[in-house]
Amino acid sequence: MTKELIQILSTLGYPVRLQGSLLPDEPYPESFFTFWNDSADGDSYYSNDEHAIIWSYSVNFYSMDDSLVNSKLLEAKALLKAQGFIVSGAGYSVASDEPTHTGRGITVLYRQ
């Protein structure tokens, strides 16, 4: 599912990185997405076996442009929902390690 998530987010034209993967001396892109796989738990148990996996991701958008932080994240939400992901709410603020960037995140689920 991670590959699919990256492919979908990449269509928005911004870099997509694993959360925390920027090197200490690597400059932040002007705007970019990050993701983190929070869990991939079994579901739909019967006959002593799981028959589905619930993937949970944190998806964040960081930017130097405050106006993009909300708009691009909501654009990503709509795109992910159209591809079968479950995304509810309007997101939440996320901390940035750089004073030039602000960030916003959403929780994304997929039932496989």
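**Strand pairing, packing and contacts in a predicted model**

Biologist: In which sense do strand 1 and strand 2 pair, and over how many bridges?

Modeller: In this predicted model, strand 1 and strand 2 pair in the parallel sense. One of the residues concerned is Leu18, whose bridge partner in strand 2 is Phe35. The pairing of strand 1 with strand 2 is thus parallel, and its number of bridges is three.

Biologist: What pattern does the protein chain follow along the sequence?

Modeller: The protein chain contains two helices and six strands. Read in sequence order, these elements give the pattern α-β-β-β-α-β-β-β.

Biologist: How many bridges join strand 2 to strand 3?

Modeller: Strand 2 covers residues 31–43 and strand 3 covers residues 52–63. Within strand 3, Asn60 is the bridge partner of Thr34, and Tyr57 stands opposite Asn37. The two strands run antiparallel, and the number of bridges joining them is twelve.

Biologist: Over how many bridges does strand 3 pair with strand 6?

Modeller: Strand 6 consists of residues 102–111. Phe61 has Arg104 as its bridge partner in strand 6. Strand 3 and strand 6 are antiparallel to each other, and their bridges number ten.

Biologist: How many of the residues of strand 3 are buried?

Modeller: Strand 3 is joined to strand 2 and also pairs with strand 6. Strand 3 is mostly covered, and of its twelve residues the number buried is eleven.

Biologist: Is Ser56 buried or exposed?

Modeller: Ser56 belongs to strand 3. Apart from neighbours within four places in sequence, Ser56 is in contact with Trp36, Asn37, Asp38, Ser39, Thr107, Val108 and Leu109. The relative accessibility of Ser56 is 11%, and the limit for burial is under 20%. Ser56 therefore counts as buried.

Biologist: Why do the buried residues of helix 1 line one face of the helix, and what arc do they fall within?

Modeller: The buried residues of helix 1, which spans residues 2–10, are Leu5, Ile8 and Leu9. Viewed down the helix axis, these buried residues are confined to a single arc, so they line one face of helix 1. The arc within which they fall is 95 degrees.

Biologist: Which elements do the buried residues of helix 1 pack against?

Modeller: The residues concerned are Leu5, Ile8 and Leu9. Their packing partners are strand 1 (16–18), strand 2 (31–43), strand 3 (52–63) and helix 2 (66–82).

Biologist: How far apart in space are Thr11 and Ala76, C-alpha to C-alpha?

Modeller: Thr11 is located in the loop between helix 1 and strand 1. With a relative accessibility of 59%, Thr11 counts as exposed. Thr11 and Ala76 are separated by 65 residues in sequence, whereas their C-alpha to C-alpha separation in space is 9.4 Å.

Biologist: The structure holds two salt bridges. Which residue meets Arg17 in a salt bridge?

Modeller: Arg17 is partly exposed, at 23% relative accessibility. Its partner is also partly exposed, with a relative accessible area of 27%. The N to O distance is 3.0 Å, and the residue whose side chain meets that of Arg17 is Glu26.

Biologist: Is Lys72 buried or exposed?

Modeller: The side chain of Lys72 meets that of Glu75 in a salt bridge of 3.0 Å, N to O. Both residues lie in helix 2, three residues apart, which is about one turn of the helix. Glu75 is partly exposed at 36% relative accessibility. Lys72, by contrast, has a relative accessible area of 15%, under the 20% limit, and therefore counts as buried.

Biologist: Which residues lie closest to the centre of the largest pocket?

Modeller: The largest pocket has a volume of about 230 Å³. Its lining comprises 17 residues, and those closest to its centre are Gln19, Gly20, Leu22, Tyr28 and Asp97.

Biologist: Which strands each supply at least two residues of the lining of the largest pocket?

Modeller: The lining draws on elements that pair in the parallel sense over three bridges. The strands that each supply at least two lining residues are strand 1 and strand 2.

Biologist: What share of the contacts in the protein chain with a separation of 6 or more comes from residues 24 or more positions apart?

Modeller: The chain has 112 residues, of which 36% are buried. Its C-alpha atoms fill a box of roughly 55 × 30 × 25 Å along the principal axes. Among contacts with a separation of 6 or more, the share from residues 24 or more positions apart is 57%.

Conventions
Residues are numbered from 1 along each chain as its sequence is written. This is a predicted model: local features need pLDDT of at least 70, side-chain atom pairs count only at pLDDT 80 or more; totals for chains, interfaces and linings use all residues. Side-chain values use heavy atoms; hydrogens and water are left out. Buried means under 20% relative accessible area, exposed over 50%, partly exposed in between (1.4 Å probe, protein chains only). Helices (H or I, at least four residues) and strands (E, at least two) are DSSP runs, numbered from the N terminus. The arc is that of the directions from the helix axis to the C-beta atoms. Contact means heavy atoms within 4.5 Å. Two strands pair if DSSP finds at least two bridges between them. A salt bridge is a side-chain nitrogen of Lys or Arg within 4 Å of a carboxyl oxygen of Asp or Glu. On a 1 Å grid over the protein atoms alone, a cavity is a set of points where a 1.4 Å probe fits but cannot get out, and a pocket is an open set with protein on both sides within 12 Å along at least five of seven lines; lining residues have an atom within 4 Å of a point. Grid points are joined across faces, edges and corners, and a volume is the space filled by probe spheres set on the points.
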